[in-house]
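Here is a short tour to read alongside the model. Keep the viewer open and follow the groups of points in any order you like.

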Amino acid sequence: MHVGFEMIDAFAGSLGISMNIPLCKALFGEGFVGDAPVLLAKPQTYMNLSGESAGPLAAYYKLPLNRVIVFHDDMELPCGVLRLQEKGGHGCHRGLKSVINHFRGNREFARLRIGIGRPPGQMDPKAFLLQKFNAIARERIDAALPEGVVALRCILFEGLTRTARWFNQEQKYKYIRSETMST
């Protein structure tokens, strides 16, 4: 399960961007939304070493970190729930920890957190992260991907703060509705 890559593929597909250029240990693609340039990368390192790709890419393109968005899975969010976050720590996510380390400790980059839920019962979190989604989880992730694409496009026109306020509220209601329906 690699929902960060799935989100990149969904966003790239919506923009007609091919993700086939090898650069800085990543598969890279670039395009535009209106006049706004969009650079996308899928690190080809181990997930826990994603910073080995993200750091050099940001340096190569001289990207200010407030223009970077990292997409990642999050076990603290219910499956299929998304959150935009303007900055923060790594929250024990080893891939994010690597990115922060390769951004020289700077945490001032945005994240699109993609909820995958908690492992069932006493299941080892590492095993949970490596397994395929069950049918219900797959359905929730598949429904969340286009929502993420809308939010990412909105960021380019409305800015991160405004989009995050609106989008996170929508996602909160989505979660409340799903919890109400399941009880």
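P22 is exposed, with a relative accessible area of 67% (exposed means over 50%, buried under 20%, partly exposed in between, with a 1.4 Å probe and protein chains only). This is a predicted model, in which local features need pLDDT of at least 70 and side-chain atom pairs count only at pLDDT 80 or more, while totals for chains, interfaces and linings use all residues. Residues are numbered from 1 along each chain as its sequence is written, and side-chain values use heavy atoms, with hydrogens and water left out.

**Around P22**
- P22 sits in strand β1, residues 21–23; strands are DSSP runs of E of at least two residues and helices are runs of H or I of at least four, numbered from the N terminus.
- K42 is 20 residues from P22 in sequence, and their C-alpha atoms are 9.6 Å apart.

**The chain overall**
- The protein chain holds 6 helices and 6 strands, in the order α-β-β-β-α-β-β-α-β-α-α-α from the N terminus.
- Its radius of gyration is 16 Å, which agrees with the value near 16 Å for a compact globule of 183 residues; the radius is taken over C-alpha atoms, and the globule rule is 2.2 Å times the number of residues to the power 0.38.
- Along the principal axes, the C-alpha trace spans about 50 × 35 × 30 Å.
- Of the 183 residues, 43% are buried.

**Nonpolar cores**
- The largest nonpolar core (buried Ala, Val, Leu, Ile, Met, Phe, Trp, Tyr and Cys residues joined through side-chain atoms within 4.5 Å) has 33 residues, and M7, L40, L84 and L112 touch the most other members.
- Two or more residues of this core come from each of α1 (3–15), β3 (36–43), β5 (82–85), β6, α5 (135–158) and α6 (160–182).
- The most come from α5, with 8 residues.
- Another core, of 10 residues, lies apart from it and includes A54, A58, L65 and I100.

**R111 in strand β6**
- R111 lies in β6, residues 110–115.
- R111 is buried yet has no salt bridge (a Lys or Arg side-chain nitrogen within 4 Å of an Asp or Glu carboxyl oxygen), and the nearest side chain of opposite charge, E108, is 8.0 Å away.
- The R111 side chain reaches the backbone oxygen of G88 at 2.7 Å.

**Helix α3**
- In α3 (residues 94–102), the buried residues are G95, L96, S98, V99 and I100.
- These buried residues pack against α2 (51–60), β4 (69–74) and β6.
- R104, just after α3, takes a positive phi of about 60 degrees.

Definitions and conventions:
Lys and Arg count as positive and Asp and Glu as negative; His and the chain ends are not counted. A polar contact is a pair of N or O atoms within 3.5 Å; within protein, one must be able to donate a hydrogen and the other to accept it, and residues adjacent in sequence count only if both atoms are side-chain atoms. Contact means heavy atoms within 4.5 Å.
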